[in-house]
Structure formats: C-alpha cells, structure tokens
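User: Could you take a close look at one part of this model with me? I would like to hear about the cysteines and then the nonpolar packing.

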Amino acid sequence: MGLELGGDIIAAPPRATVSGETALVGIYEISKLLASPARLENVLAGVLTLLSSFLDMRHGLIALLDDKGAPEVVVGSGWSEGAAKVFFERLPERAVGQIIATKMPVVVDDVASSPLFEGVDLTDWGTEDGQSFSMIGVPIKDGDAVVGTLTVDRSRNSRSSMLFDHDVRFLTMIANLVGQTLRLHKLIARDRERLMLESAWREKSDRTVPPEVRAEGLKGIVGNSPAVRAVVDKIRIVAKSKATVLLRGESGTGKELFAAAIHDQSPRRNQPFVKLNCAALPESVLESELFGHERGAFTGAANLRKGRFELAHGGTLFLDEIGEITPAFQAKLLRVLQEGEFERVGGARTIKVDVRIVCATNKDLEQSVQRGEFRADLYYRISVVPIFLPPLRDRKGDLGLLANEFLRRYNDEQGVKLKLSESALGVLNECGFPGNIRELENCINRTATLANGEVIVDKDFSCRKDGCLSAILWGGTSSKWPGNVTPLPIVAPQPAPPAPPAQSGPAPEEESFAPPGAGETCPGAVNCKVIDKDPRTDYEKLVEAMERAGWVKAKAARLLGLTPRQIGYALQKHGIMVKKF
C-alpha cells in the first residue's frame, strides 16, 4: 500500500506487532465511549486517552471546524485544553489544509525534514534537542464534507515507518466514528430547536376562543364594556404597525392576552409569538435567555443555544414585567431595541433580527425614571404606544361574562355542569376584586370545587363562610367593599399608645368599635359614638372578628378598623377571655 509522506509516495512495509484483534477491541471500546450521554468535549478527550493505549503515540489532537473552516472545538491528549488549542494553531496551514483539501490522510515520516513544516519552530512542541518525530493526520467527515481533523505524533525511530499502514487505517475508522457522533450531536441540537419552535406554535394554536368574542376576532379576551371596547379598538389600529407597545395596568388585568391579540391582528400573525417574564430570572440567566449563548461561554454551556430574540425573528417578542430588570441589563436591552442587533453570550458575531416588541408592566415607570431606577432613554424607546388596561372594577358589565367563561372552562376540565345563580352573580358584583381577572378566576375555581350542588349560590362563596384573602387585605367582608378604591396594604401593628391619665368626674361614654364603612367614621377618639347600621350586636361582631383573626388582637383590630387598645377595652367590656393556642 502506498502512503503520502510529506508530499512523496513511498511503500509502507507490513506490520505484524499489533494484531487485528487488538484494533477491533480498540474500536469497540471507543464506540462505547462515543455512545455515552456526556459532553462532546469530554467524550473526545476520552477517545484520545483510549487511543494512547492502542497506538505508539506521544500526543493526540482532535479539532472540529465551523462552516468557515476555523477551529470551533479543540481537544488534546498530553496537553491541557489551552495548550491543545495553541498546538493546533502552530500546526502549519499547509499540513492541515492538505488534509481538508484532499480529504485524505497525510503521513509525515520526519517532521523536521518535511516541506510541509518548513519554517516551523519545533522547539515549542515539547521536543528534546536532536529528537525528531512523525505525524499522522486523518480527516473527520460528515458525509462528504470535512468537519475536523484527527492528528497524532510520535517519536521517530528505526521501526516507526513500519507502523504507518496499520495506524492510518485504524485512525481512519476512529475518525469515521467521531464524524458520525458529531452528526448525531448536531441532529439533537436541531431537533431541540425545532421542538421549541413547535411548542411555541402549539401554545399559540391552543389558545381558547371564548364564544363571546368570536365576532370581535380577538382570541382569549372576554368583555363588551366601553373600557374593553376602547382598548380593542386601539389594538386593532396599533397591530398594523411595527411600533413598540407598552401594556400598562394592575396585576391580573390580562396583559399577556392583550399582547397575544396584538400579534394575532398584525401582519406577523403567521410568525412566532415568543414571551418571557423578565422578573422570573436573575440578570445572568436573563441575558442568556434573551440573547442566547455560544458553546463553552460559561460552565454548563455544552452547546450553542439561540435566545428568545432569534427564536422570535420575524414575529413578536413579549417582555412581561419589563420594569423589574436591573439598570445594567437595561443598557444591553436598549441597544437591541434601537439597532436590532446583538451578540450571543460568549460570542463575537453580531446577529441582526427583525422582531416586534410588546412590553408590559404594573409599575409606575415615570416614578422609577425620576428615582433613577429605570433609564429614561429605554422608557421612551418602549413606550412608543402605551395602552392602559382597565381594572376589573372599571368594567363591571363584563364580570358576569368572565365568571361564566371561567366556569365553562372548569366544567370542561372536570367534566361537570355547574351553573351560577342570580344570588351568586350578586355576590360577585359586590366584590371589589383587587386581584382583578386573575382573582376572579381563582374565586370561581375555588367556589366550584367546594360547591355542594349543580347550581352555585351565594352561600357557596368563601367570603360568606370562612373568609378569603381579599377580605383580610381589605379589612372587612367583600359585601362592604366599595368598587372604586385600591386595596389596603398589610402593615405591622403599631405599639399601643400610653393609657390616658385617670380623670375625676363622670366616666366617659363607652366607645363603639363598629368598623368604618358601617356608618359614620370615627377618627379614633375614645368617647366617639358611631351610628352602626349593622344588625349584629357589638358582642357578635367582636367574637367573629377575633375568631377570623385566630384570637390575635392586632389582626382583629385591622379587620374592624380599630386600634389594638380599643379592642382590649371592648374585650374587657363584654367579659370575653382571649383564647390561648
């Protein structure tokens, strides 16, 4: 068999020191290693370690090339990872280029005398003075294309030329196995990207279409109140353009549904709709999620990964909770919004994308800008077209439609046929719903789960039995809530002020502890009397409040709109002993 040695064809004598059975064992062990579910770089390093057990080799090197022929992954045996890449860069282009161009193995009997290594300083290769060595290089192929090289070198002696024939065939078989493994890794990466895109499309196609809004043509949005109609009319106009939209409103008003409606009404409706909650991820992870990362950019980055901007190319990217991102990341995001280009984490290649941005927040961004927490230039960039979504208390006419829609979905999921009675709708209309549509949906699901019959009545609601979270936050039962006030914040109980000095003369009149809203409010004076329209007695209201508060006087005081000191006076007046748990 003739082999090319430094450009000349010589005849390699047969070798009888290593049997074919030994080579077969080597191929078997290496094939098992290539089939293991490990990081590609670790697998290739293991291949070189096994090769050193079967070949008379000093160093081994596997280099995988990108589409432009530049080294993308370099793994060496006998060097550290950094030294392996340096060694590959010192390989003369003529030697590597000959392997890639001819797609054939290259054998150099004596590197020092080969024209392929002319002008190369060999002292940096770890050779001793006067020591010469040989090199064998074989191509790694994916089909007919060369995607990498496998090279080994060994000390040259009187028998080294006798080993070339067998070793070239052995290394060629190993290179073919590496090429197949690399192709499998690429297929897995492509399948992962395809599955992510299919998941995004499936999520888009699975959005429910309530019957109340099919005539309107907006998926997922239920309502016919003037406030909703005004938002829908504005969305239809804005969707036709490429302008960035900022959806603003309280938590639970359906900002994600309105963002999807903008995409569905736009010319990009057939392209991906990708969404990301900016508040759910730390800054380091958020950057990788949005921009993607290169292989080896950080610990655990085993493969190249596209970010949400690339996945949304040609379509719409919805950034929820945009007001929660850090000032440092705001600068990075601003460049993408202005120029439409970015670099992946750990990469240097600039990527241009065409993406329609829709943002959402429930924060007061103007106040954040004044406090220096949000960049003014980014605010003006995302607030090209602001759209304010009305809270549920401003669209009372839609409450019945929404409640019936949520109950319909519950019936479909659970296989039941529950209905809302007039008394149930009356309870819902009295509620302020500080959590907006999300709270209404949870209320319907909770009530439907605990309902006794097929018709839901007023007594089935939590606020008519053991109370609900909103009742605790708002400081009273839901039937007493006004429909146009904001929820009360949860505050820690304040220490009771010192008791007033004893006064001579007639005792002051007993205070009333009726909660504000039941009659005329009292600013908290001890001898203030309140006209209470609640038919329950003071004793009944006090016991009920203490039981709901777990017999904690501070909590009961908040429920009744009183101070802990007033609660203490009332308990003494009625002779109620505080229960100990």
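Is Cys278 buried or exposed?

Analyst: Happy to! This is a predicted model, and in it Cys278 counts as buried because its relative accessibility is 4%. Cys359 is buried too, at 1% relative accessibility. As for bonding, the whole structure was searched and zero disulfides turned up. For Cys278, the nearest cysteine sulfur belongs to Cys359, 7.5 Å away. Seen from the other side, Cys359 has Cys278 as its nearest cysteine sulfur, again at 7.5 Å. A disulfide needs the two sulfur atoms within 2.5 Å, so this pair does not qualify.

Now to the nonpolar packing. The largest nonpolar core is made of 31 residues, and Leu51, Ile62, Leu64, Ile140, Leu150, Leu171 and Ile174 have the most contacts inside it. Several elements each supply at least two of its residues: the helices α1 (20-34), α2 (40-54) and α5 (164-205), along with the strands β3 (59-65), β4 (71-77), β6 (133-142) and β7 (145-155). Of these, α5 gives the most, with eight residues.

Leu64 is a good place to zoom in. Setting aside neighbours within four places in sequence, Leu64 is in contact with Leu40, Leu44, Ala70, Pro71, Glu72, Val73, Ile140, Val147, Gly148 and Leu182. Among these partners, Ile140 is also listed with the residues that have the most contacts inside the core.

There is also a second, separate core of 30 residues, including Leu319, Leu333, Ile351 and Leu365.

How values were computed
Residues numbered from 1 in each chain as written. Predicted model: local features only at pLDDT ≥ 70, side-chain atom pairs only at ≥ 80, totals over all residues. Heavy atoms only, no water. Buried < 20%, exposed > 50% of the residue type's maximum accessible area, 1.4 Å probe, protein only. Core = buried A, V, L, I, M, F, W, Y, C linked by side-chain atoms within 4.5 Å. Helix = DSSP H or I, 4+ residues; strand = E, 2+ residues; numbered from the N terminus. Contact = heavy atoms within 4.5 Å.
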